[in-house]
Each structure stands twice: as structure tokens, then as C-alpha cells.
Amino acid sequence: MKQKIPQMLNEQINKELFSAYLYLDFVNFFVQKGLMGFAHWYRVQAQEERDHAMLFYDYLHHNNENITLDAIEKPETTQQTSLDVVRAGLAHEEFITASIDDIYAAALAAKDFRTTQFLDWFVKEQGEEEANANDLVTKVELFGADPKSLYLLDAELGARVYAPPTLVVG
Ligand code: OFO
């Protein structure tokens, strides 16, 4: 692989693991609030983030690149309301999208087309993750202040089913 691409992919492992850590912190927030459906939704999200980390990990190994595992930053969920937490989730997904886009741009500039092809799945996935996060923000904005609606929304989120990634490396 070329130039700085392996290093950027290596850093993305850490960002995905941090995403899982952040969402587990969100789980903690919602468990404290008694919103177990929200907690479940973010627990599934955390599982997906660990899957993403492993895809980058496997891709580097598959390309005979060494991996350095760095410390994972401590998540700080200081938000006071459910709305602020789901908004923080959306902002985090936008940050991850920008990070994937940066790697994509570097790989394209280096003519590392194997990596751009690998990243195509993540470009699409980030579109879905942002849409899901945005949808959640909208629902909490619309229904979060009404207890009956919040109860139904919590039940809806509690029905989220974990699905393993459709991307396979190797
Ligand atoms: Fe890994 O997609 Fe969210 O962060």
C-alpha cells in the first residue's frame, strides 16, 4: 500500500472503537433515564462500530500491513437531555464521515484503487448512519417532550435488530 494510507486506516480503527465507546456511554445515559429502548438502540450501534473497526483491522492485515493499537479516548457524555445526546450522535457521525472521506481522497490521489474500492462500502454506510441519526434527532424533537409519544418511540427503538456488516474482507 502507498504512502500514508495505511497510517490513516490504522487511525480509523481507533476512531471506530472510540465510536463504540461513545455509544456505550450513551447507553449508560439512557439506562440512567429509564429509556431502555434508546439504550438498546445505541448498544446495537456500538456493536456495529466494533464491526467497522474490525473491518479496517482485517483489511490492513489482509494487505500485510502492521497495526498499532493506540489508547482509546475517554468518552465524555456531558449532555443533560436526550435531545442533546442524539444530536451529539449525529455530529459524531458527520465527523466519522469526514474522516472516511479524507482517507478516500488520499487513496484516490495515491492511485490506491484497492483502498477506494474497500472504502466504497463505508461511504454508503456513513450515508445510512447519518440518515438514521438524523431521523432519531427529528423524532426526539417532535415527540420527546410528550410522555406518551416518548414511551412509544422508546418501544420502537427497542425493536432494533443487530445485523452484521455486509462487507467481507479477504
Ligand atoms: Fe462506524 O459508523 Fe458510525 O461512527
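1. In this predicted model, G158 is located in the segment that follows helix α5, which spans residues 147-157. With a relative accessible area of 36%, G158 is partly exposed, because it falls between the limits of 20% for buried and 50% for exposed residues.

2. The surroundings of G158 include residues remote in sequence. Its C-alpha atom is separated by 6.9 Å from that of M36, although the two residues are 122 places apart along the chain. Apart from residues up to four places away in sequence, G158 touches G37 and H40. Helix α2 covers residues 36-62.

3. Helix α5 itself has three buried residues, namely L153, D154 and L157. These residues cover an arc of only 100° around the helix axis, and they therefore lie on the same side of α5. As a general point, an α-helix has 3.6 residues a turn, so residues three or four places apart point the same way.

4. The face of α5 turned away from this buried side carries K148, Y151 and L152, which are exposed. As for what covers the buried residues of α5, the covering elements include α2 and α4, the latter formed by residues 113-143.

5. Helix α2 also packs against another helix, α3, which comprises residues 82-109. The axes of α2 and α3 come within 13 Å and cross at roughly 15°. The two helices are therefore roughly parallel, since the angle is under 35 degrees. The crossing of α2 and α3 is left-handed.

6. Which residues form the contact between α2 and α3? On the α2 side they are F38, Y42, Q45, E49 and F56, and these meet V85, V86, E93 and I100 of α3. By character, the residues of this contact divide into six nonpolar, one polar and two charged.

7. A further position that merits attention is Q12, which lies in helix α1, residues 5-33. Is Q12 buried or exposed? Its relative accessibility is 1%, and Q12 therefore counts as buried, the limit being under 20%.

8. Leaving aside neighbours within four places in sequence, Q12 is in contact with F56, I96, S99, I100 and I103. Two of these partners recur from the helix contact described above: F56 belongs to the α2 side and I100 to the α3 side. Q12 of α1 thus touches residues F56 and I100 that take part in the contact of α2 with α3.

How values were computed:
Residues are numbered from 1 along each chain as its sequence is written. This is a predicted model: local features need pLDDT of at least 70, side-chain atom pairs count only at pLDDT 80 or more; totals for chains, interfaces and linings use all residues. Side-chain values use heavy atoms; hydrogens and water are left out. Axes are lines fitted to C-alpha atoms, for helices over the stretch in contact, and angles run from 0 to 180 degrees between N-to-C directions. Helices (H or I, at least four residues) and strands (E, at least two) are DSSP runs, numbered from the N terminus. Angles under 35 degrees count as roughly parallel, over 145 as roughly antiparallel, 65 to 115 as roughly perpendicular and the rest as oblique. A crossing is left-handed if the near helix is turned anticlockwise from the far one by less than a right angle, and right-handed if clockwise. Contact means heavy atoms within 4.5 Å. Ala, Val, Leu, Ile, Met, Phe, Trp, Tyr, Cys and Pro count as nonpolar, Asp, Glu, Lys and Arg as charged, and the others, Gly among them, as polar. Buried means under 20% relative accessible area, exposed over 50%, partly exposed in between (1.4 Å probe, protein chains only). The arc is that of the directions from the helix axis to the C-beta atoms.
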